[in-house]
Amino acid sequence: MGMPKDTISKEVVEGWRGFVEHLEKSLDLLDKEIDFTSKMVNACTIEWCQVTEHTLDEISNALFSISEPSWLADEDSNKLKALKRKVHDVYAKYKAAPRA
């Protein structure tokens, strides 16, 4: 009995896409939080900065440690590259936020 390669590769890609999708949602939420907080006077407290930076580090580490299955579609690969660029943009926005 042969290995059900198509079924396995489909499951791996779906799992990969789900993981990347959740990272993207998390990054979007953090991006909105930074936008919102940086508009408020004295809102960027030390605690806020520590939590924000830690969260950005976690998302960044996850994004940059994802391996791409060889059978991944170009659109998925491009999405991952775009998210890696976005995490840099969000980090730059965070660093530019006024501090309390």
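Aspartate 57 sits in helix 2 of this predicted model. With a relative accessible area of 37%, aspartate 57 comes out as partly exposed. Its C-alpha lies 9.1 Å from that of tyrosine 91, although 34 residues separate aspartate 57 and tyrosine 91 in sequence. Tyrosine 91 itself turns up in the contact between helix 2 and helix 3, so that pairing is a handy place to pick up the helix packing.

Helix 2 covers residues 46–65 and helix 3 covers residues 74–96. The two pack at an angle of about 165°, and their axes are 10 Å apart. An angle over 145 degrees counts as roughly antiparallel, and helix 2 and helix 3 are therefore roughly antiparallel to each other. The crossing of helix 2 past helix 3 is left-handed. On the helix 2 side, the contact is built from Trp48, Cys49, Thr52, Glu53, Leu56, Ile59, Ser60, Leu63 and Phe64. Helix 3 answers with Leu80, Leu83, Lys84, Val87, His88, Val90, Tyr91 and Tyr94. Sorted by class, the residues of this contact are 12 nonpolar, 3 polar and 2 charged.

Helix 1, which runs over residues 5–38, also packs on helix 2, here at an angle of about 155° and with the axes 11 Å apart. Helix 1 and helix 2 are therefore roughly antiparallel as well, and helix 1 passes helix 2 in a left-handed crossing. Phe19, Leu23, Ser26, Leu27, Leu30, Glu33, Ile34 and Thr37 are what helix 1 brings to the contact. They meet Trp48, Thr52, Thr55, Leu56, Ile59, Ala62 and Leu63 from helix 2. The class count for this contact is 10 nonpolar, 4 polar and 1 charged.

One helix 2 residue, threonine 52, appears in the contact with helix 3 and in the contact with helix 1. At a relative accessible area of 3%, threonine 52 falls under the 20% cut-off and is therefore buried. Setting aside neighbours within four places in sequence, threonine 52 is in contact with Leu30, Ile34 and Tyr94.

That leaves the pairing of helix 1 with helix 3. These two pack at an angle of about 20°, with their axes 10 Å apart, and that makes helix 1 roughly parallel to helix 3. Once again the crossing is left-handed. Helix 1 contributes Val13, Trp16, Arg17, Val20, Glu24, Leu27, Asp28, Asp31, Ile34 and Asp35, while helix 3 contributes Glu75, Asp76, Lys79, Leu80, Leu83, Lys86, Val87, Val90, Lys93 and Tyr94. The make-up of this contact splits into 10 nonpolar and 10 charged residues, with no polar ones.

Next comes the nonpolar core. In soluble globular proteins, nonpolar side chains tend to be buried together. The largest nonpolar core here has 22 residues, and Leu27, Ile34, Leu56, Leu63 and Ile66 touch the most other members. Helix 1, helix 2 and helix 3 are the elements that each supply two or more residues to this core. Helix 1 has the largest share, at 7 residues. Isoleucine 66, one of the well-connected members, is in contact with Trp16, Phe19, Val20, Leu23 and Leu80 once neighbours within four places in sequence are left out.

A few further positions fill in the picture. Serine 77 belongs to helix 3 and is buried, with a relative accessible area of 12%. Not counting residues up to four places away in sequence, serine 77 touches Glu68 and Leu72. Glutamate 14, in helix 1, is partly exposed at 40% relative accessibility. Between glutamate 14 and isoleucine 46, 32 residues apart along the chain, the C-alpha separation is 39 Å.

Alanine 97 falls in the segment after helix 3. This alanine is buried, with a relative accessible area of 5%. Leaving aside neighbours within four places in sequence, alanine 97 is in contact with Ser38 and Cys44. Alanine 97 and aspartate 35 are 62 residues apart along the chain, and yet their C-alpha atoms are separated by 8.4 Å. Aspartate 35, for its part, is among the helix 1 residues that make the contact with helix 3.

Terms used: Residues are numbered from 1 along each chain as its sequence is written. This is a predicted model: local features need pLDDT of at least 70, side-chain atom pairs count only at pLDDT 80 or more; totals for chains, interfaces and linings use all residues. Side-chain values use heavy atoms; hydrogens and water are left out. Axes are lines fitted to C-alpha atoms, for helices over the stretch in contact, and angles run from 0 to 180 degrees between N-to-C directions. Helices (H or I, at least four residues) and strands (E, at least two) are DSSP runs, numbered from the N terminus. Angles under 35 degrees count as roughly parallel, over 145 as roughly antiparallel, 65 to 115 as roughly perpendicular and the rest as oblique. A crossing is left-handed if the near helix is turned anticlockwise from the far one by less than a right angle, and right-handed if clockwise. Contact means heavy atoms within 4.5 Å. Ala, Val, Leu, Ile, Met, Phe, Trp, Tyr, Cys and Pro count as nonpolar, Asp, Glu, Lys and Arg as charged, and the others, Gly among them, as polar. A nonpolar core is a set of buried Ala, Val, Leu, Ile, Met, Phe, Trp, Tyr and Cys residues joined through side-chain atoms within 4.5 Å. Buried means under 20% relative accessible area, exposed over 50%, partly exposed in between (1.4 Å probe, protein chains only).
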